[in-house]
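User: I would like to learn how to read a few features of a structure. Please show it to me and take my questions in turn.

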Amino acid sequence: MDPTALVLIELGAIFLGLGVLGRLAARMGISPVPLYLVGGLFFGHGGFIPVTGIEEFGHIASELGVVLLLLMLGLEYTAKELVTGLRQTWAAGIMDFVLNFTPGAALALILGWGVVPAVVMGGVTWISSSGIIAKVLSDLGRLGNRETPTVLSILVIEDLAMAVYLPILTTVLAGASFWGGLRAVGIALLTVSLVLVIALRYGAFISRMLHSEDRENFLLKLIGAALLVAGISASLQVSAAVGAFLLGIAISGATAHSATRVLEPLRDLFAAMFFVLFGINTDPTAMPPVLIPAILLAVVTTLTKVFTGGWAAKRAGVARLGRIRAGAALVARGEFSIIIAGLGVSSGAVPAELAALATAYVMILAILGPIIAKYAEPLGKKFGYGHPRAQASQTPG
């Protein structure tokens, strides 16, 4: 069969399958993300019907999915709100790092892998999945909730911390000099600071420049600007996702509302591809030997994430149910954890078992995270946290 025809048939089957899974998720009242990941396992290496020839398109489509997810997340807030949120939640960022980096690093040391793999595994367990959490918050209708700014602030701190962590990690993995690593970190921090200043001072100008009454013209300018900023950010050792998020922050007012409406269908399409490709690239046969350590690590870091989110939301004056929702929303791990593990494995400085452990761990929390986010609130109410008397001394959440 002609290769192009085969790729079209495979993509058609995947998107039709995703449509069926999305409908099933809607009937179950949950986010479709876990089902998309399971669908990826079905079509992936070691799955029931392995697909071939879509790797290049799938990689680009999944990158676009993450960029659009973070761009639209940024559209929800202004630069002023971001800076205020960072000022209020910097302590939560430190708490998040200590509680969630430590379990992964400790397990690597206990397994006898050494310091460098410990730095890698710490990053895998530390970073929540901005992509999955953004989708879950949107699907559950929680973008306007009282606790959501706290959740997003922690995600932003994590994403911005990646601008520091990734250059350090790649330097450690490559065995580069101290000054070489310091230079890479300096460039990353300077880039993020510059973009934030531009967003704060020239956000209105950027919005006017991108705005157009013509829908097609508006869409082309938005996509072009997002890819341009994401690409430049990535080339400067800053995450492309962070670049897209900061562009979204810079767009405000009526332009931001119009951009959300125009981009929403594209985001859903490419984000679905990101999640299914994540599953496709995971070999399910490599996970059983590391399943028990992965489950233990998932349990520990679920509790530490729930505590982190709840503690941060409490500091922001959110009521008990809101604190539970905030903690549960942060449980999912995903794209950044896989990127970190991939950097370690490709460098050859970590054992091969680390890849299987990281994959199993991320798959568990990528599937369970949205489910925990969905059912944490009903469980909280069942145990009396939503009772009016329990909320009496709290700010409404």
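User: Is Phe 97 buried, partly exposed or exposed?

Analyst: This is a predicted model, in which local features need pLDDT of at least 70 and side-chain atom pairs count only at pLDDT 80 or more, while totals for chains, interfaces and linings use all residues. Residues are numbered from 1 along each chain as its sequence is written, and side-chain values use heavy atoms, without hydrogens and water. Buried means under 20% relative accessible area, exposed over 50%, and partly exposed in between (1.4 Å probe, protein chains only). Phe 97 has a relative accessible area of 34% and is partly exposed.

User: Which residue forms an aromatic pair with Phe 97, and what is the geometry?

Analyst: Rings of Phe, Tyr and Trp (its six-membered ring) pair if their centres lie within 6.5 Å; planes under 30 degrees apart are stacked, over 60 edge-to-face, and the rest tilted. The structure holds three aromatic pairs. In one of them, Phe 97 meets Trp 126 edge-to-face, at 4.9 Å centre to centre and 80 degrees between the planes. Because Phe 97 lies in helix α4 (residues 79–110) and Trp 126 in helix α5 (residues 115–126), the pair ties together parts 29 residues apart in sequence. Helices here are DSSP runs (H or I, at least four residues), numbered from the N terminus.

User: Is Trp 126 buried or exposed?

Analyst: Trp 126 is buried, at 6% relative accessibility. Together with Phe 97 and Phe 101, Trp 126 forms one aromatic cluster.

User: Which residues of α14 are buried?

Analyst: In α14, the buried residues are Glu 335, Phe 336, Ser 337, Ile 340, Ala 341 and Gly 344. Gly 348, with a positive phi near 80 degrees, follows α14.

Note on methods: Helices (H or I, at least four residues) and strands (E, at least two) are DSSP runs, numbered from the N terminus.
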